[in-house]
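Ready for a few hands-on exercises? Have a look at the structure below, try each task yourself, then check the worked solution.

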Amino acid sequence: MEGLEGEVAVQTGDLLPCRICGRTFFPAALKKHGPICQKTSAKKRKTFDSSRQRAEGTDIPTVKPLKPRPEPPKKPSNWRRKHEEFIATIRAAKGLNLKDGGKLPPPPPPSYDPGCILLQYKPAAVKKMPSAVSAPPSSSRLPQPSGVSKTVVGMK
């Protein structure tokens with residue numbers, strides 16, 4: 001144990017900062033650190049791709065990363081207008097006195113919603129098929145076999 005204490009040299013003194021990275025070192029260590037720090041700061045490091053490293057040495061092909069898809073434009077929300085219409089309808093309904101037996105007033109007209117397009121449905125014209133002459137109705141909707149017979153291999 002006493003032999004180890006003699007080999008360990010404890011440096012005392014002031015720590016000096018590195019000109020490049022700002023870390024502090026003892027003067028002897030700073031002489032060694034300076035050129036190494038200058039060399040590493042001049043290089044631009046590549047972005048690490050873990051999928052390429054995992055696939056290295058296997059049959060898995062390296063896949064290029066997908067670009068994120070742009071989000072579709074969001075429609076402006078009109079919840080506030082809908083809410084105000086709802087509140088107005090409720091207040092109008094509270095003001096009615098149903099005990100008198102009067103008729104209900106018509107509801108307030110709905111406001112125009114530019115986001116909603118109403119199309120009128122027009123059914124397609126039905127085409128009549130010529131009637132088949134003496135064709136017996138089929139009991140199944142499945143296609144019926146033709147006159148060709150099927151043979152099963154291996155059966156006697």
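**Exercise 1.** Find the partner of Glu85 in a salt bridge and give the distance between the closest N and O atoms.

*Solution.* This is a predicted model, so let's work from its atoms. The partner is Arg81, and the closest N and O atoms are 3.2 Å apart. Next, place the pair: both residues sit in helix α4 (residues 79-94), 4 residues apart, or about one turn of the helix. An α-helix has 3.6 residues a turn, so residues three or four places apart point the same way. Last, searching the whole structure turns up 1 salt bridge.

**Exercise 2.** Are Glu85 and Arg81 buried, exposed or partly exposed?

*Solution.* Partly exposed runs from 20% to 50% relative accessible area. Glu85 comes out at 31%, so it counts as partly exposed. Arg81, at 29%, therefore counts as partly exposed too.

**Exercise 3.** Check whether the end-to-end span of helix α2 (residues 27-42) agrees with its 16 residues.

*Solution.* Start with 1.5 Å a residue, which means an expected span of 22 Å. Then compare: the end C-alpha atoms of α2 are 23 Å apart, and that agrees. Now follow the helix along, and you'll meet a kink of about 35° at His33, shortly before Pro35.

**Exercise 4.** Which residues of α2 are buried, and what helps cover them?

*Solution.* Buried means under 20% relative accessible area. In α2, that picks out Leu30, His33, Gly34 and Cys37. Their cover includes β1 (16-17) and β2 (24-25).

How values were computed
Residues are numbered from 1 along each chain as its sequence is written. This is a predicted model: local features need pLDDT of at least 70, side-chain atom pairs count only at pLDDT 80 or more; totals for chains, interfaces and linings use all residues. Side-chain values use heavy atoms; hydrogens and water are left out. Helices (H or I, at least four residues) and strands (E, at least two) are DSSP runs, numbered from the N terminus. The expected span of a helix is 1.5 Å times one less than its number of residues. The bend at a residue is the angle between axes fitted to the seven residues ending there and the seven starting there. Buried means under 20% relative accessible area, exposed over 50%, partly exposed in between (1.4 Å probe, protein chains only). Contact means heavy atoms within 4.5 Å. A salt bridge is a side-chain nitrogen of Lys or Arg within 4 Å of a carboxyl oxygen of Asp or Glu.
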